[in-house]
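Student: I should like to learn how to read individual features in a protein model. May we go through the model together, one feature at a time?

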Amino acid sequence: MKQHYLVIDVNLCFDCNNCFISCKDEYVDNDWSPYTEPQPRHGHRWMNIERNERGLYPRIDVSYRPTPCMHCEDAPCQKANPEAIVRREDGIVLIDAEKARDKKSLVDSCPYGAIYWNEEYGVAQKCTMCAHLIDSGDAPGMPRCAHSCPTEAIKHYCIEPEEMEQKIKDEKLDVVMPDLNTKPHVFYKNYYLFDKAFVGGGFIKNGDCVKGVAARLVGNGVDETQVTNYFGDFKFDHLDPGEYSLYADDKLVQKVTVPQIGVTDTVAINNNSLNLGNISIDSL
């Protein structure tokens, strides 16, 4: 049977918050029971945009990750309260408001932090993947977040699981916290911007930037060569923690250690990515 999925491209999100605002527009003061009761105006972020900063000035990059409910096949929240959590045949996970009434512990059952407590109604709430819109057959026929995204960073698919498996391979999609093995239906493209590190720097000679130097990084399963740009800069990305050697025109410049990458939070400054600064190659 066809399943509903979201694919989110971290590289295309620029934190416009259209997804967050459209979610508020759809659910604040609107009662879509039995799918969900009205969302509070403040405090809930059913589409939570998390930010990650890598590196050190001036060689940094910033990326954003829209984070909804993951609509897991093996949902921890459902294990915590199987009567209150419903996983539909099409893959959408919903909270049964009546059966979840006064069960605040559901909030802590989600390892992704995607469940919120509505004090007014005494119920746990989360992203429904706009199931009421999908079921209605009316426009837009997809989650509001995907419909409102100007860069198409968020895309909605209703396809067979086999098709999704092929898409995961072809587009090299990842999931948040894969070690949990919850089999989420929300996938990420270019997720290296959140869970990998980079090593950047620049070569100088006689005090000036050097264009055209073959910068090579070797180690930890990596052997990559780049040619420095007009500013003498290089940047090696998609790196795991480990030991590396940096070369300039095949001559060893220095050893590099990429430290263990920490767990990102709503705003994370990830200093595990390294800015090596300007490196003199006068002696090479």
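Tutor: Let us begin with a definition: a residue is called buried when its relative accessible area is under 20%, exposed when it is over 50%, and partly exposed in between. Please keep in mind that this is a predicted model.

Student: Is Glu50 buried or exposed?

Tutor: The relative accessibility of Glu50 is 9%, so Glu50 counts as buried. Arg65 also counts as buried, because its relative accessibility is 5%. These two side chains meet in a salt bridge, with 2.7 Å from N to O. Glu50 belongs to strand S2 and Arg65 to strand S3, and the pair, 15 residues apart, links distant parts of the chain.

Student: How should I recognise a salt bridge, and how many does a search of the whole structure find?

Tutor: One looks for a side-chain nitrogen of Lys or Arg within 4 Å of a carboxyl oxygen of Asp or Glu. A search of the whole structure finds 20 salt bridges. Among them is the one between Asp74 and Lys79, whose closest N and O atoms are 3.4 Å apart. Here Asp74 counts as partly exposed because its relative accessibility is 31%, whereas Lys79 is exposed, with a relative accessible area of 60%.

Student: Which residues are linked in a network of salt bridges?

Tutor: The network links Arg54, Asp61, Lys235 and Asp237.

Student: Which residue does the side chain of Arg216 meet in a salt bridge?

Tutor: The partner of Arg216 is Asp250, at 3.9 Å from N to O. Arg216 lies in strand S12 (residues 214–219) and Asp250 in the loop between S15 and S16, so the salt bridge ties together parts that are 34 residues apart in sequence. Arg216 is partly exposed, with a relative accessible area of 26%, while Asp250 counts as exposed at 61%.

Student: I should now like to read the backbone. What is the general idea for phi and for peptide bonds?

Tutor: Most residues other than glycine have a negative phi, and most peptide bonds are trans. Asp250 is not a glycine, yet its phi is positive, about 70°. The loop that holds Asp250 runs between strand S15 (242–248) and strand S16 (251–258). Cys130, which is not a glycine either, has a positive phi of about 50°. Cys130 is located in the loop between strand S7 (123–125) and helix H4 (131–136).

Student: Does Cys130 count as buried or exposed?

Tutor: Cys130 counts as buried, because its relative accessibility is 6%.

Student: Where do cis peptide bonds occur?

Tutor: One cis peptide bond joins Ser33 and Pro34, with omega at about 10°. Pro34 is placed in the loop between helix H1 (18–27) and strand S2 (48–56). Another cis peptide bond joins Tyr57 and Pro58, with omega at about 5°. Pro58 lies in the loop between S2 and S3.

Student: Which residues make the nonpolar surface patch of about 350 Å²?

Tutor: For a patch, one considers residues with over 30% relative accessible area and no salt bridge, and nonpolar side chains are joined within 5 Å. Tyr57, Ile60 and Val62 make this patch. Ile60 is part of strand S3 (residues 59–67), and Ile60 counts as partly exposed because its relative accessibility is 47%.

Terms used. Residues are numbered from 1 along each chain as its sequence is written. This is a predicted model: local features need pLDDT of at least 70, side-chain atom pairs count only at pLDDT 80 or more; totals for chains, interfaces and linings use all residues. Side-chain values use heavy atoms; hydrogens and water are left out. Patches are made of residues with over 30% relative accessible area and no salt bridge: like charges are joined within 9 Å, nonpolar side chains (Val, Leu, Ile, Met, Phe, Trp, Tyr) within 5 Å. Accessible areas come from the Shrake-Rupley method with a 1.4 Å probe; for residues, only the protein chains shown count as cover. Helices (H or I, at least four residues) and strands (E, at least two) are DSSP runs, numbered from the N terminus. Buried means under 20% relative accessible area, exposed over 50%, partly exposed in between (1.4 Å probe, protein chains only).
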